[in-house]
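Open the model in your viewer and keep the sequence panel visible. This tour goes from one selection to the next and says what is found at each stop.

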Amino acid sequence: MATKSYEVPEVFFDVPPTLITFIALGRWMEHIAKGKTSQALVDLLSLQATHAILVKMSSTGVIESEETIELPLVQVDDILKVLPGDRVPVDGKVVSGRSAVDESMLTGESLPVPKDVDDVLLGGTLNQTGMLLVKATHIGADSTLSQIVKLVEDAQTSKAPIQYYADYIASRFVPGIVVLSLLAWIVWVIIGYTDPHVIGDSCVLSSGAPHTTTNTTNSTGKSDDVSARCIIENAFLYAVTVLSIACPCALGLATPTAVMVSTGVGAKRGVLIKGGEPLETTHKVKYVVFDKTGTLTYGKPRVVNFQLAGPAATSKLGLADKVKRALAVIGSAESGSEHPLGVAIVDHAKEELTITSMGQVKNFQAVPGCGMKCTVIDVKRLLSADTAGSGQGDSSNDLMDADVTDSSVYDVLIGNREWMRRNEISTKTVASEDMERFESQGHTVVLAAINGRLTAVLAIADTVRAEAMTAVATLKSLEITPVMLTGDNYRTAKAIAGQVGIDNIFAQVLPSHKLQKVKELQEGLQLGDEEKETDENQVVAFVGDGINDSPALAQADVGIAIGSGTNVALEAADIVLIKNNLMDVVAAIGLSRATVRRIRLNFLWAVVYNFIGIPIAAGVLEPAGVSIRPWMAAAAMAMSSVTVVCSSLLLRFWRPPKGIDPSTLPRSRALTKMPLASDDVESSSGKQNVALLTSYNKLKEVTQSNGFH
């Protein structure tokens, strides 16, 4: 028999499925969005070739056979064939052919790069026009592409300092939300029993007929069980809503998603950032310190003037023979040096003497920032018979006044004035006017002494990078102070600084003191009319390329290495510029600022969302008729996380700042910060005293030695 029931059927499974559905949907959308943050890494991995064409060459250089092999089978020194339109499988050197290669996927350089014999190729780049034969030099994990991928992976998984604050907040956030949820339940239970009209219409009683009040009692005076259940259920819904809407995920995602996107964007544009910490720190940079040789300049100097000095200039030998003898000995001595200036001297000697090898070097010793000394033998074979035997006498090792024989031995010193002074070599015979003229033109002056006598003066010039002036002007527009640091003398440093627009110079700084200069800037030593200390440490970036720059790169808050620099410098740096373009220094700072702004915006959204959403979920606006259910809260929570990730994805559209025309900036008074003359240096405190020299006349009185960087 059927009977009419006044009870409304209980629905148990409406909220849980809806809640789970929206949470799962939100997580799926979040996963998809987070996957896009590492798209740059996926793009880099897609550049890797899967096969290579291995060729075998005959002794005459003719291809005997070809075989297509899997990439992991390629070995160092294998000869590979790269057809037009194919990707270069591994790093290597061109042994035959000529082509243009698209390197934009690794360096961001839009124009194809011409490649000829002995040029270096990077794995993953695209060969465009001609067929090339390439000798493999780096394979597997040692290849440039693999190292870039590893750097990006490490950077994307590292934490920025600001992330630790987010983690700290999130670790307290969850227990706090549980407490708030429990508090909401308690409050609504109290409200339900004290003022049932507040929740009257939100409950449907099961006593048969609809009720509008929950304040019913039985014969014992106790509240109806149905009414109590309604109160508890209503309070429970508010508690669950609070738990559902709270979103610690948004706080946790604010930083890592932005870091993942920005490091990937930087890598695609030729700026490798080694983690979240340098990415965050870079936006606070106040000083950018540039090394001169190889950084502001191309690091490929050439000898532009060679003058004999001392007794060598007055020898009875013909001028051509004297120059050739001196070049043979000096060039041989520098053949043991890796310094750019030494390489320039060797190249000049080979060119002038039309030879391909130099004499033998023994007892080679280099002193960074000063020069080198060694013993040179086996010079005779570098000279013609007339040049080698046109002296007077055979028993002496004097370069100009004796024959050059197979047993001739020459003690050579090459370096700056300070190096000559240390070794008691007189420089009074040098025409100081000529040296000052060379230095005022931005040339580096190098002195050479043979067998205890000053023999030659060399003027060496390096070309300033084309983009250096624009990069410096753009940094100034960003209210960042550019500083030049060099081991060269003041006149040379001033000439180079004038070309690029740098007003602040540290000159005559030994490599061992570069670190100290960076420390001084970090400690708040200002470049102004007076030395003064500030209460807040300054953030300093150092840009360099050489082995002697590695201590300063490590000491700086942000070390930036030029991609063509030494492995030691690249290892010590926080940021690597693959394109060797100084405008990428500006790009790195701009990317850091954009990333930090995005992180802060993400945090702001997460905080505002929780501050607004949690009170509403707790029922604060219930008297005004505004409330949300748990499934709505779950949907809002999911969308909050997705919104943060999508906000970070907007960094993919970031573009580097445009260069500033230097002529639009006012020229400020140049200030130079230099160490005192060596006799006045005090080391008892462990620090080298420095003097601020603001006028050329005062500088001339103090500075008596020429720098050698």
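Start by selecting Ala49, which is found in the loop between helix H2 (39-46) and strand S1 (51-57). Helices (H or I, at least four residues) and strands (E, at least two) are DSSP runs, numbered from the N terminus. This is a predicted model, in which local features need pLDDT of at least 70, side-chain atom pairs count only at pLDDT 80 or more, and totals for chains, interfaces and linings use all residues. Residues are numbered from 1 along each chain as its sequence is written, and side-chain values use heavy atoms, with hydrogens and water left out.

Is Ala49 buried or exposed? Ala49 counts as buried because its relative accessibility is 14%. Buried means under 20% relative accessible area, exposed over 50%, and partly exposed in between (1.4 Å probe, protein chains only). Now add Asp86 to the selection: it is 37 residues from Ala49 along the chain, and the two C-alpha atoms are separated by 8.5 Å. Leaving aside neighbours within four places in sequence, Ala49 is in contact with Leu71, Arg87 and Pro89. Contact means heavy atoms within 4.5 Å.

**Whole chain**

Zoom out. The chain has 22 helices and 24 strands. Buried residues make up 50% of its 709 residues. Of the contacts in the chain with a separation of 6 or more, 71% are between residues 24 or more positions apart.

**Two loop residues with positive phi**

Select Asp77, in the loop between strand S2 (63-70) and strand S3 (79-82). Its phi is near 80 degrees, a positive value in a residue other than glycine. With 48% relative accessibility, Asp77 counts as partly exposed.

Next, select Glu479, in the loop between H15 and strand S18 (481-485). Phi of Glu479 is near 65 degrees, again a positive value in a residue other than glycine. Glu479 counts as exposed, at 71% relative accessibility.

**Helices H15 and H20**

Show helix H15 (residues 468-477) together with helix H20 (residues 583-617); their axes come within 8 Å and cross at roughly 30 degrees. Axes are lines fitted to C-alpha atoms, for helices over the stretch in contact, and angles run from 0 to 180 degrees between N-to-C directions. H15 and H20 are therefore roughly parallel to each other. Angles under 35 degrees count as roughly parallel, over 145 as roughly antiparallel, 65 to 115 as roughly perpendicular and the rest as oblique. To see the contact, select Thr470, Ala471, Thr474 and Leu475 of H15 with Met583, Val586 and Ile589 of H20. By class, this contact has five nonpolar, two polar and no charged residues. Ala, Val, Leu, Ile, Met, Phe, Trp, Tyr, Cys and Pro count as nonpolar, Asp, Glu, Lys and Arg as charged, and the others, Gly among them, as polar.

Keep Ile589 and add His283: the two are 306 residues apart in sequence and 5.7 Å apart in space, C-alpha to C-alpha. His283 sits in the loop between helix H8 (276-281) and strand S11 (287-291). Its relative accessible area is 17%, so His283 is buried. Not counting residues up to four places away in sequence, His283 touches Ser592, Arg593, Val596 and Arg600.

**Helix H21 and its partners**

Now colour H21. Of its 20 residues, 14 are buried, so H21 is largely enclosed by the rest of the structure.

How do H20 and H21 pack, and at what angle? The angle is about 170 degrees, with the axes 9 Å apart. The two helices are therefore roughly antiparallel to each other. On the H20 side, the contact is made by Arg598, Leu601, Asn602, Trp605 and Tyr609. On the H21 side, the residues include Ala633, Met637 and Ser640. By class, the contact of H20 with H21 has seven nonpolar, five polar and one charged residues.

For the last stop, hide H20 and show helix H7 (residues 248-268) with helix H21 (residues 630-649): their axes come within 8 Å and cross at roughly 20 degrees. That makes H7 roughly parallel to H21. Among the contact residues are Cys249, Leu253 and Val261 of H7 and Ser640, Val644 and Leu649 of H21. By class, the contact of H7 with H21 has nine nonpolar, four polar and no charged residues.
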